[in-house]
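Subject: Structure handover

Hello,

Here is the structure for your work. Please open it alongside this note.

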Amino acid sequence: MPAELESTDWESWGGPWQAFAGGSASHSFDGADISLLVRATDRPNLDGSEPWALTIRTCVHEDDFGVVMDVVGWLLRHATTQGWVGFVRDSGLGQAQHLVRHEDGFDLVDVRPVGQQKHVPWPSR
């Protein structure tokens, strides 16, 4: 569990991992909120160990976005993947951002048509 959580009261969520509990029909889109953590047995690390593969698809209300990003930040601090790790989409505004991990943390990078100004509203830590 993340040692320091900076957002809302986690007790109301049942702990940080409930942010990605999954396993039920989504309240906001066709399909289900899912989360799955498995061993990536077909992609061993250089040392021969088996890495983990995590997939999450969930809908989060904007009021809870800070909570989810706390957990995402914690996960990415423990990840080994470099580069693109996913995306965040604001269905209300029709905007999407790539989630890109690098040695110093992660960035949210706007997906935008060519010629539009870049704007990243979520600060990197």
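Below are the notes on the model, the helix, one glycine and a surface patch.

This is a predicted model: local features need pLDDT of at least 70, side-chain atom pairs count only at pLDDT 80 or more, and totals for chains, interfaces and linings use all residues. Numbering runs from 1 along each chain as its sequence is written, and side-chain values use heavy atoms, with hydrogens and water left out.

Helix α1 covers residues 65-77. Helices are DSSP runs of H or I, at least four residues; strands are runs of E, at least two; both are numbered from the N terminus. The end C-alpha atoms of α1 are 18 Å apart, which agrees with the 18 Å expected for 13 residues at 1.5 Å a residue. That expectation is 1.5 Å times one less than the number of residues.

α1 is mostly covered, with 10 of its 13 residues buried. Buried means under 20% relative accessible area, exposed over 50%, partly exposed in between (1.4 Å probe, protein chains only). Val68, Met69 and Trp74 are among the buried ones. Their cover includes β4, β5 (95-102) and β6 (105-111). Contact means heavy atoms within 4.5 Å.

Gly83 lies in β4 (residues 83-90). Gly83 counts as partly exposed because its relative accessibility is 22%. Leaving out residues up to four places away in sequence, Gly83 touches Leu99, Val100 and Arg101. His102 is 19 residues from Gly83 in sequence, yet 6.1 Å away in space, C-alpha to C-alpha.

Ile56 lies in strand β3. Its relative accessible area is 31%, so Ile56 is partly exposed.

Best regards
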